[in-house]
Amino acid sequence: MLDVVATPEDLRRLPEGELRQLADELRAETIDAVSVTGGHLGAGLGVVELTVALHYVFDTPRDRVIWDVGHQAYPHKILTGRRDRIRTLRQAGGLSGFTKRAESEYDPFGAAHSSTSISAGLGMAVARDLSGGDNHVIAVIGDGAMSAGMAYEAMNNAGHLHSRLVVILNDNDMSIAPPTGAMSAYLARLVSGNAYRSIREAGKQLAGLLPKALYEKARRTEEYARGFWTGGTLFEELGFYYVGPIDGHNLDHLLPVLRNVRDKQPGPVLVHVVTKKGKGYPPAEASEDKYHGVNTFDVVTGAQSKPKANAPSYTRVFAESLMKEAARDDKVVAVTAAMPSGTGLDLFGQAYPARTFDVGIAEQHAVTFAAGLAAEGYRPFCAIYSTFLQRGYDQVVHDVAIQNLPVRFALDRAGLVGADGPTHAGSFDLAYLGCLPNMTIMAAADEAELVHMVATAVAHDSGPIALRYPRGEGVGVDMPERGEALEIGKGRIMRKGSQIAILSLGTRLAESLKAAEELAAFGLSTTVADARFAKPIDAAMVRELAAGHNVLITVEEGSIGGFGAQVLQLLTDEGLLDGGALKARSMILPDTFIDQDKPERMYAASGLDAKGIVAKVMEILGREGELPKPMRA
C-alpha cells in the first residue's frame, strides 16, 4: 500500500477502509528506517495514525500542518515525498532529523526546540485572515511541550484573536485525561459536530434574552457540564473550543472528529488525542525513555548498537563529579529542564532525589528558580544544553548576572553536536555569556579538566559561573580521584616553543597539540596553551605569549564574538599589536549554520582540526606552498 502513496494527494485517493493497512506499513517503514540511521523513534511511532488522518482529512500542503519539536515527524516525511531519502536521516547531505522549511513544502515551519508550534500556527492563521485566504492551520503539540509558558502565551493570544486555528494536543505521557473507549469517542464526535454546535448557538441566543447574571450562570453551566464529561476546562478558559479526549490510534475515532473541526469550527479549537510513545513496536513500548532517541538497532530484538567505549562520556563525568561534591556539601542542588538523562542528572537524582529538580520544558523558569535557590545560600547547578539555555537568556541577564547570584550553569552539548545539526549546536554560548558582566566561563579541554571545573564551580560563591563541555566521549586521560578548585582566570602552558603560540579553549586542545607536532616538522617551534577560562582570560599569559612569539592564534569551538574576541580586545587595548611584530588571529566556527554530519568532519570542514590549524599558521607566514597538496579523490 505504501508503494502507491508518494504524496498526501495519493493518500487522499485511497478508500477510507484501506488506511489501517497503510498505517501499519508506515509504522513498519519508520521502524526499519530508524534502525539504519538512529534518531528519534518513540515519538514518531506514537503519531502514525494521527499523521495518516491529518494528511487524509486536510489538504496539505495548502493546509499547514506544524509539528512541534519535530521528533515525531519521520512518518510525516515518509508520506510527503521523502520516503526514498528516509534512510539518509541525520546523515551528511541527508534529511534533517526535524522539520525544515528548505527541505519540503510540506514543512511550513522548522522545528527542533519545543513549544513553538501554536505561536507559529497563530501567525500563519492571522496572515491567512489578513490575505483573505480560507486554508486551515493545524499545530500538533505534545503534552510535554505544554509545560512551557510559550504555549500558553500563544493560546491566550489565539483565544483573544479568535482566528480559525486547530491545535492537536498529543497526550502521550502525562495522560491529562485518558480516553474511555466508545463513550469518549461518541462524546468527542458529538461536541465537535454540527448538530451540537447549532443547538449550543441557539441556546446562547435564547440565554442572551435573560438578565446578565442568569446568562453568565447558564454559560458556565454548559461549559462545566461539557468539561465534566470531556475535560478541557483550562483550554476553554483560554478561549479554545475543546474536543476530546479521543484514542489517537483509532482511525474510526480520529477521522470524523478531524472532519468536524475542519468543516464546522469557526474559531480556535483544541483536539485532545491520547497516544502511546513507541506504539506498535514492543521494545519501544516497554522502554519509552530508551527509545525516545536511539542508536542504530536490530529490528527483531530491539538491541541498540553501542559505540566502543574508550573513555567515559563528558555527561557522565559531570554527573559523577557533581554527586561526589554533593556528598560533601548538602547545599549542592541540581536543576534540569526536562532533560534528566541527557544532562546526567538522572544519576544525580537517584542518589539525591530531594535535591534534584526537573522543572519541565521551562528553561526561563529553571534559570530564575536556580537564582532563587542561590539567593537563599544554596549552590544550584542549572544543567541545560548550550542551545537550550538560549531560551532563558533574559533570565540569565536580569535574574542572575545583574544580581551577581552564584548560579552554576553546566552547559552540555557545547560546540557542534553531529547528527542533530544546527538547531542543537552549542555554538553561541561563549559569545552570549562572555558579554555579561559578573560572568565567569570555563571550558574543559578533557574529562579530567571537567572534574576540576565542577569542583571550581562549587567553590565559586562570588557570582555566576558556567562550565561548557561537548557531547560524546572524553579523550581517555587519567582521571583524578577528586576535583580541585582551579584559580579563577588562570590558564596553563602545555608545550613550550618560541615562534608560534596556539591558545586553545576547550576540547580543541588535543588538535592544537597535534598541530604543534606537525609544525615542528616545518621547523616551527610552537607553544600550546590551554586557556581554561574564556572569562576572565589569563591576561598575564596572553601578554607572555604575545611578547615571546611571532604568531598568536586562538582556537575555540564557538562563534564570532567569543573567546578570541576577548583576547584580541586585550591585545588591542594594551597596544600589543601596534608595532606589527605580532600577528594575531582567531580561529572560530564559520559564520553559518552547519548541517548535520559526524562531529569530527564538521570540525575539519570548519578548519578547526590539526590540519586546519597548521594551514592557518602557514597562511599567516606566507608559506602555504610548503603544505602537501591534497590527494585526488
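Two strands count as paired when DSSP finds at least two bridges between them. With that in hand, here are some close-up views of this predicted model.

**View 1. A seven-stranded open sheet.**
Let us start with the strands of this sheet, which follow one another in the order S9-S8-S10-S11-S13-S12-S17. Their pairing is mixed. At the edges you will find strand S9 (356-358) and strand S17 (533-535); each has a single partner strand, so one side of each is left without a neighbour in the sheet. Neighbouring strands are turned against each other by 20° on average, with direction ignored.

**View 2. Strands S10 and S11, side by side.**
Moving into the seven-stranded sheet, we meet strand S10 (residues 379-385) and strand S11 (residues 408-412), which pair in the parallel sense. Five bridges link S10 and S11. To find your place, look for Ile384, which stands opposite Leu411 in S11. Helix H14 (residues 314-328) packs on this sheet, where H14 touches strand S8 (332-336), S10, S11 and strand S13 (465-468). The direction of H14 makes about 145° with that of S8.

**View 3. Helix H14 meets helix H21.**
H14 also has a helical neighbour: helix H21 (residues 447-459) packs with H14 at an angle of about 40°, and their axes are 9 Å apart. That angle makes H14 oblique to H21. H14 passes H21 in a right-handed crossing. On the H14 side, the contact is made by Tyr314, Val317, Phe318, Ser321, Leu322 and Glu325. From H21 come Glu447, Leu450, Val451, Val454, Ala455 and Val458. Sorted by character, the residues of this contact divide into nine nonpolar, one polar and two charged.

**View 4. A five-stranded open sheet.**
Here is another sheet to explore, with its strands in the order S14-S16-S15-S18-S19 and with mixed pairing. Strand S14 (492-495) and strand S19 (583-587) stand at the edges, and each has a single partner strand, so one side of each is left without a neighbour in the sheet. From one strand to the next, the twist averages 20°. S14 pairs with strand S16 (residues 526-530) in the antiparallel sense, over three bridges. One pair to look for is Ile493 and its bridge partner in S16, Ala529.

**View 5. Helix H26 on the five-stranded sheet and beside helix H22.**
H26 lies across strand S15 (500-504), strand S18 (551-555) and S19, and runs at about 150° to S18. Helix H26 (residues 610-621) also packs with helix H22 (residues 509-521), at an angle of about 50° and with their axes 8 Å apart. H22 and H26 are therefore oblique to each other. The crossing of H22 past H26 is right-handed. H22 brings Glu511, Ser512, Lys514, Ala515, Glu518 and Leu519 to the contact, while H26 brings Ala610, Ile613, Val614, Val617 and Met618. Among the residues of this contact, seven are nonpolar, one is polar and three are charged.

**View 6. How confident is the prediction?**
Our last view turns to confidence. The protein averages a pLDDT of 90, and 89% of the residues score at least 70. Over residues 174-184, pLDDT stays under 50. For residues 174-184 the model has 21 contacts beyond four places in sequence.

Note on methods. Residues are numbered from 1 along each chain as its sequence is written. This is a predicted model: local features need pLDDT of at least 70, side-chain atom pairs count only at pLDDT 80 or more; totals for chains, interfaces and linings use all residues. Side-chain values use heavy atoms; hydrogens and water are left out. Helices (H or I, at least four residues) and strands (E, at least two) are DSSP runs, numbered from the N terminus. Axes are lines fitted to C-alpha atoms, for helices over the stretch in contact, and angles run from 0 to 180 degrees between N-to-C directions. Contact means heavy atoms within 4.5 Å. Angles under 35 degrees count as roughly parallel, over 145 as roughly antiparallel, 65 to 115 as roughly perpendicular and the rest as oblique. A crossing is left-handed if the near helix is turned anticlockwise from the far one by less than a right angle, and right-handed if clockwise. Ala, Val, Leu, Ile, Met, Phe, Trp, Tyr, Cys and Pro count as nonpolar, Asp, Glu, Lys and Arg as charged, and the others, Gly among them, as polar. pLDDT is the predictor's confidence in each residue, from 0 to 100.
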